[in-house]
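Reader: I would like to know how some of the labels on this model were reached. Please set each value against its cut-off.

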Amino acid sequence: MVQDATGAVTKLAGVTLTGSPTATHEISGDANYAQGRWVQGTVTSASGGTTLTGTSNDAYHYVVFNQLAALPTTGAPSCAAGRMTAPTYTGGGTPGSAANSGTASATATLSFSGTITTIVVTVTAQAGGSSGTVNGNTSISSPTQSGITGSYLGNGPGTQLAVGDGGTGKYIVASGYKVTLANGANYQGVATFLCQ
């Protein structure tokens, strides 16, 4: 991973953002995580390149975090409100009428019990006068695992949930999310939560 002076990640696992200009929105992070949304520049990976103009719904959302050495066996830390990237339109609804991006809010709960860690996330997104909610609930048994819920790997609503190291006595819940709004439009983004 490579970050620039603004805190934006510009290289992640062989995927790079280059060009002049480039733009990354909703940058957040500290020594334990980094999050943002690439909206302008050239994204290059092993499968080729994509140009983001900054004027459409095209975007790459990312979140990276430090891995826990081990999952705790007890406890239920309290999670703060989600730190969100703006959800971006991916299809559905009435073509040409959907907003390129919207807003979102989210909550999370985290609990440790024996070998099982349970993660629950609820994301509500709004765009173009419509809204929708997706709920994710999963259990993992290793700090290297993530849980997939709903149709996250397909074209429907769902989440991908994981837990990271938020610093001494703190944890990060990381979530990719896809939401279908009431008008049928689909949006996606990422969220992180600090739990302590």
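Reader: What makes Arg-37 count as buried or exposed?

Author: This is a predicted model, and in it Arg-37 has a relative accessible area of 8%. Buried means under 20%, so Arg-37 is buried.

Reader: Why is the contact of Glu-26 with Arg-37 called a salt bridge?

Author: The closest N and O atoms of Glu-26 and Arg-37 are 2.7 Å apart. The cut-off is a side-chain nitrogen of Lys or Arg within 4 Å of a carboxyl oxygen of Asp or Glu, so the pair qualifies as a salt bridge. Glu-26 lies in strand β3 (residues 15-29) and Arg-37 in strand β4 (residues 33-45), so the bridge ties together parts that are 11 residues apart in sequence. The structure holds 1 salt bridge.

Reader: Is Glu-26 called buried, exposed or partly exposed, and why?

Author: The relative accessible area of Glu-26 is 29%. Buried is under 20% and exposed is over 50%, with partly exposed in between, so Glu-26 is partly exposed.

Reader: What makes the backbone of Glu-26 worth a remark?

Author: Its phi is positive, about 50°, although Glu-26 is not a glycine. Most residues other than glycine have a negative phi.

Reader: Where is Ala-13 placed, and what is the sign of its phi?

Author: Ala-13 sits in the loop between β2 (9-12) and β3. Its phi is near 50°, which is positive, and Ala-13 is not a glycine.

Reader: How do you know whether Ala-13 is buried or exposed?

Author: Ala-13 has 77% relative accessibility. The cut-off for exposed is over 50%, so Ala-13 counts as exposed.

Reader: Why is the peptide bond from Ser-20 to Pro-21 called cis or trans?

Author: Omega of that bond is near 5°, and the bond from Ser-20 to Pro-21 is cis. Most peptide bonds are trans. Pro-21 lies in strand β3, as does Glu-26.

Reader: How do you know that Cys-79 and Cys-195 form a disulfide?

Author: Their S to S distance is 2.1 Å. The cut-off is a pair of cysteine sulfur atoms within 2.5 Å, so Cys-79 and Cys-195 are joined by a disulfide. Cys-79 lies in the loop between β7 (74-75) and β8 (83-84) and Cys-195 in strand β16 (residues 185-195), so the disulfide ties together parts that are 116 residues apart in sequence. A search of the whole structure finds 1 disulfide.

Reader: What makes this disulfide of Cys-79 and Cys-195 right-handed or left-handed?

Author: The torsion about the S-S bond is about 100°, so the disulfide is right-handed. Both Cys-79 and Cys-195 are buried.

Key:
Residues are numbered from 1 along each chain as its sequence is written. This is a predicted model: local features need pLDDT of at least 70, side-chain atom pairs count only at pLDDT 80 or more; totals for chains, interfaces and linings use all residues. Side-chain values use heavy atoms; hydrogens and water are left out. Helices (H or I, at least four residues) and strands (E, at least two) are DSSP runs, numbered from the N terminus. Buried means under 20% relative accessible area, exposed over 50%, partly exposed in between (1.4 Å probe, protein chains only).
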